[in-house]
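The following note sets out points for a colleague who has the coordinates open. Please read it beside the structure.

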Amino acid sequence: MIKVLIVEDKPPILWSIKQKVQNFSSDILITGEAFNGIEALESIKENQPDIIITDIRMPIMDGLEMITEVLKMDINVKFIIISGHDEFEYARQAMKLGVNEYLLKPVDQNELDKILHKLTSDIYRQKNTNRQKLIYDMLNKDIPSKIFSYYFNVYNRYYLVLFCGGSYSHYPLNYSHPHNFFVSEEDLQHLTKGILHPSIFFWPIATSKLNEMIGIFCVPENISFDPQKTVQLLFNELDKQDFPITVLLSKTITKLEDISKTASSLSKSLRKNTLFGYSSIILEEQAPTSLCTDKVTDIEHNLILSYKKKDRTTFIDELSKFIDSSSNLHYTQTRLESRLKKILGIMVDSSKDLHMDNYQLDIEEIVMFNDNYCKLHTNLDNYFNSFFENQMKQSTNKAIHEIVEQIETYIKKHYSEQITINDISTMFSVDPCYLSKSFKQYKKISPMNYLTQTRIDVAKDLMKKDPSMKLKEIAEIVGYSNQYYFSRIFKSVTNLSPSAFKDNLIKEQSVN
């Protein structure tokens with residue numbers, strides 16, 4: 001609620017103003033009444049009002065002196081001054097102090113309503129902006145709790161919710177992930193409209209992983225709120241996409257300083273409990289469980305046995321059984337990766353011809369870049385077939401080195417087009433995972449990150465040549481149809497927004 005202090009030395013006028021303020025809106029709370037500036041200062045220190053409605057001429061300390069003292073406090077407050085027709089000089093002095101709202105006595109209801117509507121809109125907007133910044137800072141660093149008192153004093157409980165599109169990403173800012181930017185802050189804000197009580201504050205914030213989003217619900221005292229029902233409604237909307245959605249909901253948080261710790265806990269829970277290939281809602285106190293049966297253990301044993309016998313056909317058949325069993329048992333992503341790493345580890349250890357130091361990362365990437373068991377099956381088939389081929393020494397380092405050079409040239413020529421790792425692998429007849437691993441081996445960067453870096457380098461060159469070029473035009477030239485995505489990627493790569501980068505260029509040019 002907006003807090004208002006009324007300062008007027010004549011009781012009948014004060015009560016009249018109080019009635020008119022209450023007529024304007026029930027969302028305004030009159031936290032103080034004072035008959036002079038000294039009384040007003042005491043009330044201000046105790047209640048920290050958002051708006052002060054004050055007469056100018058009063059005994060002991062007049063309105064101008066009071067305004068001067070309040071400005072020294074460095075608090076966020078707006079003034080409405082009230083004066084008679086013969087007091088314009090006082091009003092002019094108040095306006096020199098930065099007071100822009102002025103009413104003549106007797107106060108007219110319509111005129112007061114216009115000013116209050118303008119000021120309350122500004123206050124709500126500013127409070128929300130400051131809350132958003134504080135919440136962002138809370139998730140990234142410790143902030144003294146006293147800073148929150150002004151902006152969050154109306155809330156008594158909080159809930160964090162973490163959204164993930166597709167599989168869990170092991171790496172931050174992974175541009176290769178197929179479901180980057182699956183939902184934006186604006187999308188989530190729009191989805192909550194009509195669901196939440198107007199007094200409930202909700203703010204979504206992008207995480208360092210581009211397929212994740214975190215949100216916080218701030219709930220005032222005495223306001224009914226069902227977090228599970230709300231999250232279920234959001235989940236139902238997000239799950240209309242053609243890939244799985246994972247949503248985690250925290251327990252009730254009563255202390256704002258616990259938000260950062262809770263966000264970290266949710267992130268760990270996401271990594272541990274995300275179901276591969278299936279959408280799910282995970283409550284912080286209720287994590288899903290995966291099963292392991294003797295049948296699965298038998299399949300794993302048969303996989304390893306067929307590999308040792310170099311029986312590729314039986315191996316691929318057993319791999320299909322393993323995928324089906326994992327799907328039926330609703331394996332978490334972590335458990336699925338663990339079982340595959342175990343199988344591959346035994347295969348590597350038993351092979352005298354292969355030297356694979358990063359095979360565990362291979363498994364993580366294969367699982368991470370897929371969102372259902374059908375796609376996973378296809379890519380695991382390709383990977384293990386390549387594994388057999390490597391064992392039989394059917395490929396050479398020279399051949400793949402030449403392909404990597406050709407891919408680099410292709411990216412430099414076609415960066416403005418929509419390119420995926422699957423497009424490149426198809427074009428050069430190379431398994432996607434093997435291609436990505438080989439490219440990183442020779443170029444020290446993944447193909448998709450190389451594409452992103454190339455696009456950003458071209459965008460920077462365009463800005464240097466013509467700083468007046470519109471960002472939307474630059475984004476389209478380098479292959480991004482959405483300016484918002486382009487700006488976010490640009491900042492994540494350069495640590496500067498495109499606008500800030502252009503401003504620096506303009507300053508450098510003016511100096512030269």
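In what order do the five strands of the open sheet stand? The points below begin with that matter and then turn to the rest of this predicted model.

1. Strand order. The five strands of the open sheet follow the order 7-8-6-9-10, and their pairing is mixed. Strand 7 (201-206) and strand 10 (280-283) each have a single partner strand and stand at the edges, so one side of each lacks a neighbour in the sheet. On average, neighbouring strands of this sheet are turned by 20° against each other, with direction ignored.

2. Strands 6 and 8. Strand 6 (residues 155-165) and strand 8 (residues 212-220) run antiparallel and are joined by nine bridges. Within strand 6, a reference point for inspection is Val161, which stands opposite Gly215 in strand 8. As a general matter, strands of a sheet pair through backbone hydrogen bonds, either parallel or antiparallel.

3. Strands 7 and 8. Strand 7 is also antiparallel to strand 8, with six bridges between them. A hairpin of five residues makes the connection from strand 7 to strand 8. Phe201 has Cys218 of strand 8 opposite to it. Although strand 7 stands at an edge of the sheet, five of its six residues are buried, and the strand is mostly covered.

4. Helix over the sheet. Helix 8 (residues 227-238) lies across strand 6, strand 8, strand 9 and strand 10. The angle between helix 8 and strand 9 is about 165°.

5. Helix 16. Which residues of helix 16 (residues 421-428) are buried? They are Ile421, Ile424, Ser425 and Phe428. These residues lie on the same side of helix 16 because they cover an arc of only 100° around the axis. The general rule is that an α-helix has 3.6 residues a turn, so residues three or four places apart point the same way. Just after helix 16, Ser429 adopts a positive phi of about 55°.

6. Overall composition. The protein contains 21 helices and ten strands. Of its 512 residues, 49% count as buried. About 25700 Å² is exposed, and carbon and sulfur atoms supply 49% of that area. Among contacts with a separation of 6 or more, 70% are between residues 24 or more positions apart.

7. Confidence. The mean pLDDT of the protein is 84, with 88% of residues at 70 or more. Among the elements, strand 9 (residues 245-249) has the highest mean pLDDT, 95, and helix 6 (residues 149-152) the lowest, 61. Where pLDDT is low, the predicted coordinates should not be read in detail.

Note on methods: Residues numbered from 1 in each chain as written. Predicted model: local features only at pLDDT ≥ 70, side-chain atom pairs only at ≥ 80, totals over all residues. Heavy atoms only, no water. pLDDT = per-residue confidence, 0-100. Helix = DSSP H or I, 4+ residues; strand = E, 2+ residues; numbered from the N terminus. Pairing = 2+ DSSP bridges. Axes fitted to C-alpha atoms, helices over the stretch in contact; angles between N-to-C directions. Contact = heavy atoms within 4.5 Å. Buried < 20%, exposed > 50% of the residue type's maximum accessible area, 1.4 Å probe, protein only. Areas by Shrake-Rupley, 256 points an atom, 1.4 Å probe, with all protein chains shown as cover. Arc of directions from axis to C-beta.
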